[in-house]
Amino acid sequence: MMKEWHRMTAEEALKALESGRKGLSKSESSRRLNKYGRNELVERKKTSGFRLFLQQFASFLVIILIVAAVVSFAVGEAADAAVISAIILLNALFGFVQERKAEKALESLKKFAAPQTTVVRGGEKMMVDASSVVPGDILYMEAGSRVPADSRVMECSSFKVDESVLTGESVAVTKNPAPAGSVMVADRKDMVYMGTTAVYGTCTAVVVGTGMKTEFGKIAENLQVGEEKTPLQKNLGALGRNIGVLIILICAAVFAAGMARGMETVEIFLVAVSLAVAAIPEGLPAVVTITLAIGLVRMAKKNSIVRKLPAVETLGAATVICSDKTGTLTKNEMTVRKVYVPGRIMEVTGDGYSATGYFLEGGKRAESGGDVRLLLETGMFCNNASLGESAVGDPTEIALLVSAGKLGLEKEGRRVHEIPFDSQRKLMSVVYQKGNQRIMYTKGAVEEVLKRCKGIQKDGRVDRLTEKGRKEIMDINDEFGKAALRVLAFAYRKISRGYDEGELIFAGLQGMLDPPRPEVKSSIEQCKKAGIKVVMITGDHMNTAVAIAKELGIADGGRVLTGEDMESMSDDSFGDIVNDVSVYARVSPEHKVRIAEALKKKGHVVAMTGDGVNDAPALKNADIGVSMGISGTDVSKEASDMVLADDNFATIVGAVKEGREIYDNIKKFVYYLLACNMGEVMTIFTSILIGFPLPLLPLQILWMNLITDGLPALALGVEPSDPDTMQRKPRRKDEKIIGRRSLLYILSTGVLMAAITLGVFYYYMSDYSLAITMAFTTLVFLQISVAMSIRSREPVHRIGYLKNRKLVMALASVAVLQALVVNVPFFNPVFKTVSLGAGHWLVVIGAMLALFILLEAEKLLRRSQINTAPSNYG
């Protein structure tokens with residue numbers, strides 16, 4: 001069990017580490033380096049590039065395609081073999097590149113390691129390589145230092161550390177040696193962590209953990225866990241195995257039936273092989289990859305940058321979106337919402353860092369001179385932020401500048417002194433020289449400011465601050481706090497000498513809030529309609545979290561848990577209530593992993609947002625990790641599946657819609673390919689069983705697959721979404737891509753195609769060459785009907801025949817190519833066809849229309865059932 005260094009005093013930590021304030025001796029540091037190893041993040045042994053490339057060929061569907069390519073080449077169909085081989089190779093290369101990208105996450109993490117650091121050894125300060133630091137070493141750090149290892153603070157002076165890479169908190173943390181009771185990393189003021197950066201002051205600390213025994217090391221360990229396959233990858237794997245078994249059975253049955261009829265062995269073998277090639281949707285892996293890639297480009301244009309291709313469709317299955325509050329649900333622009341000067345409360349209009357806004361009292365524009373002006377001036381002068389082309393500084397201080405800007409105030413005078421904020425005083429004071437006067441402006445925690453106040457500014461004069469006045473101020477503070485406002489108190493005094501923060505005059509309160517993004521509320525409403533639960537996760541206080549959640553419509557009676565609550569729960573008891581929780585407050589990034597795991601155990605598909613280094617394990621553990629493009633660290637981006645270019649929650653919802661649309665389209669072209677292939681198989685198999693001559697020849701089957709499996713399937717992949725895409729529940733995690741309803745559709749469509757084709761073939765059977773030409777052409781045109789009908793669950797006339805122009809062009813190309821093969825004399829001997837006359841073409845077109853009408857009629861008959869399906873014919 002790891003020691004809880006943050007609960008120990010500095011002396012206890014030194015004793016436990018067998019070290020002292022003069023540090024380790026050089027010989028002892030060498031001994032410990034041999035014992036603990038170098039202070040580095042260690043990678044597990046990588047899979048070699050060649051082995052990783054070979055693993056891309058392990059899928060059952062790919063193995064079937066390889067066999068099909070070999071057989072095609074063996075029977076003289078070199079062109080088909082080449083096309084299939086190219087598909088296999090491109091798919092493998094794409095998979096190889098995607099998996100190699102995943103290894104960059106750990107490389108990004110290593111960038112945060114410090115190259116050199118200052119240690120105390122044998123009582124002397126010296127610079128050493130950070131990789132040689134060992135537990136028990138004494139570190140000396142100042143502003144700009146990168147913390148080389150997890151350490152317990154011993155002594156410090158106004159020491160502040162930027163821990164945003166680890167915790168995601170943008171405000172620098174003030175450190176002090178007093179033991180911290182909290183188990184939360186972000187609340188351990190007596191600890192500093194590897195990879196974080198000192199921004200102010202000086203510190204001496206003792207190293208307690210190095211390398212993989214640090215907080216960064218835990219993250220590195222989690223990042224090297226293997227990734228789960230997405231639902232689509234599992235589905236396609238199962239589909240490939242099922243198709244493989246089916247093909248073997250069909251080929252064996254066709255071969256046996258042919259032999260039983262006395263057909264020549266070579267002839268029936270060629271037919272069986274052609275049928276096998278026809279039955280394999282060899283274009284499926286390529287069409288899936290291209291469709292996902294097209295979706296990826298489309299999503300990038302809408303600020304969703306998808307890093308891992310399978311995540312495109314996984315998004316569509318999301319049942320829970322766990323979102324950070326700051327910057328994602330809110331604007332990350334603190335805004336003063338209310339001000340209090342003795343006797344008056346005013347609301348402040350306007351959002352963000354725009355100085356446009358008014359002060360309202362009782363719903364009307366308020367007079368804002370005198371006391372209000374003094375309050376806002378105090379916030380403006382006691383401030384280190386700046387407002388120019390862009391806002392620079394602490395968000396709270398920027399908010400105070402903006403509120404002053406709404407009165408048109410500008411700084412005057414000369415700044416002569418600052419007493420910085422520290423965690424003991426909880427105050428900050430700045431002294432300005434204005435003409436012959438020196439004025440101290442102070443801001444800070446309400447209780448601490450009031451302790452130092454003897455007077456109160458009211459109605460333009462200074463009165464004595466009574467107990468009644470103090471109580472009124474604290475009551476207003478409580479009222480602002482219940483509205484989830486962060487409240488600061490402001491005071492001032494004129495000084496002649498020294499910089500004593502006593503005997504201040506109370507000026508008022510300012511309450512501020514990071515406002516919700518205006519578009520987020522409607523996005524959350526859209527999520528509810530789509531059956532997706534939105535969960536807020538924040539490090540903020542519970543009151544603030546709940547207020548924002550209610551404003552956005554997230555709470556809805558759901559439970560609220562804090563990080564402390566989670567720590568006191570077992571995994572089982574937490575799992576029992578995880579479905580009921582809508583808001584998590586005061587939680588650390590480590591809790592996110594636990595939340596994601598608990599939700600996944602309940603069968604949810606979880607999207608999780610994050611921006612800090614410490615968020616990386618949660619992003620990797622979630623089904624869809626979503627990092628922030630603006631505020632996110634490189635590590636979080638590398639660990640995620642998707643990056644939000646604008647850090648906006650509404651962008652996630654748009655991406656979910658795209659994901660659903662893409663998955664629907666994948667199902668459409670899977671059904672199209674399988675239904676058409678089923679039609680071809682049923683046509684040949686039935687003809688052999690009932691004693692007909694072969695209605696299709698091997699080369700005709702291969703040509704048919706070439707022109708109908710490629711462009712139409714791709715065009716279906718970009719079919720515009722159905723109107724109800726975001727008004728139905730997410731598909732089940734275990735939903736198969738081929739369900740009972742869709743299997744019935746594929747079989748029934750295949751039977752209809754075979755029946756129509758064999759009917760036409762039988763009608764012209766007195767002339768065998770004409771009969772096979774008609775059967776061949778009819779079957780191609782029937783596939784056009786299937787492609788047009790399968791576009792939507794709604795009857796096609798309701799969505800528009802020409803809405804998908806790419807599909808119209810693809811189907812027109814199929815018709816033209818088939819007409820050329822049949823009616824251009826050059827091709828007749830090659831494909832053993834004859835030219836067709838106008839009457840023949842009318843029969844072909846009539847057959848095509850007949851199938852289309854039957855398919856559309858079937859939709860109308862089954863419409864009530866289909867409307868409840870998760871997706872097209874699911």
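Contact here means heavy atoms within 4.5 Å. One more thing before the close-ups: this is a predicted model.

**Figure 1. Threonine 708 and the company it keeps.** Thr708 sits in helix α26, which runs over residues 698–708. If you skip the neighbours within four places in sequence, threonine 708 is in contact with Tyr672, Val780, Gln783 and Val814. Its side chain also reaches back to the backbone oxygen of methionine 704, at 2.6 Å. With a relative accessible area of 1%, threonine 708 counts as buried, because the cut-off is under 20%.

**Figure 2. Helix α26, mostly covered.** Of the 11 residues in α26, 8 are buried. Those are Gln700, Ile701, Leu702, Trp703, Met704, Asn705, Ile707 and Thr708. So the list takes in both threonine 708 and methionine 704, the two partners in the 2.6 Å side-chain-to-backbone approach.

**Figure 3. Phe649 in the largest nonpolar core.** This core has 145 residues, and Phe649 and Val670 touch the most other members. Helix α25 (residues 649–689) gives the most to it, with 20 residues. Set apart from this core is another one, of 34 residues, including Phe359, Leu409, Met428 and Val430. What does phenylalanine 649 touch, leaving aside its neighbours within four places in sequence? The partners are Ile321, Ser323, Thr328, Leu329, Val520, Ser523, Ile524, Cys527 and Val534. As a general backdrop, nonpolar side chains in soluble globular proteins tend to be buried together.

**Figure 4. Cysteines without a bond.** How many disulfides does the structure hold? The count is 0. Take cysteine 203: the nearest cysteine sulfur belongs to cysteine 156 and is 5.4 Å away. A disulfide needs the two sulfurs within 2.5 Å, so cysteine 203 is in none. Cysteine 203 is buried, at a relative accessible area of 1%. Cysteine 322 is buried as well, at 0%.

**Figure 5. Glycine 244 across from isoleucine 63.** Glycine 244 belongs to helix α9 (residues 231–260) and is buried, with a relative accessible area of 5%. Its C-alpha atom is 9.2 Å from that of isoleucine 63, although the two residues are 181 apart along the chain.

**Figure 6. A buried salt bridge between two loops.** The whole structure has 31 salt bridges, and one of them joins lysine 175 to glutamate 163, with the closest N and O atoms 2.6 Å apart. Lysine 175 lies in the loop between β5 (173–174) and β6 (191–192), and glutamate 163 in the loop between β4 (150–162) and α7 (164–167). The two residues are 12 apart in sequence. Is this pair buried or exposed? Both lysine 175 and glutamate 163 are buried.

**Figure 7. Glu661 and Arg298, a long-range tie.** The side chains of glutamate 661 and arginine 298 meet in a salt bridge at 3.4 Å, N to O. Glutamate 661 is in helix α25 and arginine 298 in helix α11 (residues 284–300), so the pair ties together parts 363 residues apart in sequence. Glutamate 661 is buried, with a relative accessible area of 8%. Zoom out a little and you get a salt-bridge network linking Arg298, Lys302, Glu658 and Glu661.

**Figure 8. Lys451 and Glu448 within one helix.** Here the side chains of lysine 451 and glutamate 448 meet in a salt bridge (3.2 Å, N to O). The two are 3 residues apart in helix α16 (residues 446–451), so about one helical turn separates them. Is each end buried or exposed? Lysine 451 is exposed, with a relative accessible area of 58%, whereas glutamate 448 is buried, at 15%.

Definitions and conventions: Residues numbered from 1 in each chain as written. Predicted model: local features only at pLDDT ≥ 70, side-chain atom pairs only at ≥ 80, totals over all residues. Heavy atoms only, no water. Helix = DSSP H or I, 4+ residues; strand = E, 2+ residues; numbered from the N terminus. Buried < 20%, exposed > 50% of the residue type's maximum accessible area, 1.4 Å probe, protein only. Polar contact = N/O pair within 3.5 Å; in protein donor to acceptor, adjacent residues only side chain to side chain. Core = buried A, V, L, I, M, F, W, Y, C linked by side-chain atoms within 4.5 Å. Salt bridge = Lys/Arg side-chain N within 4 Å of Asp/Glu carboxyl O.
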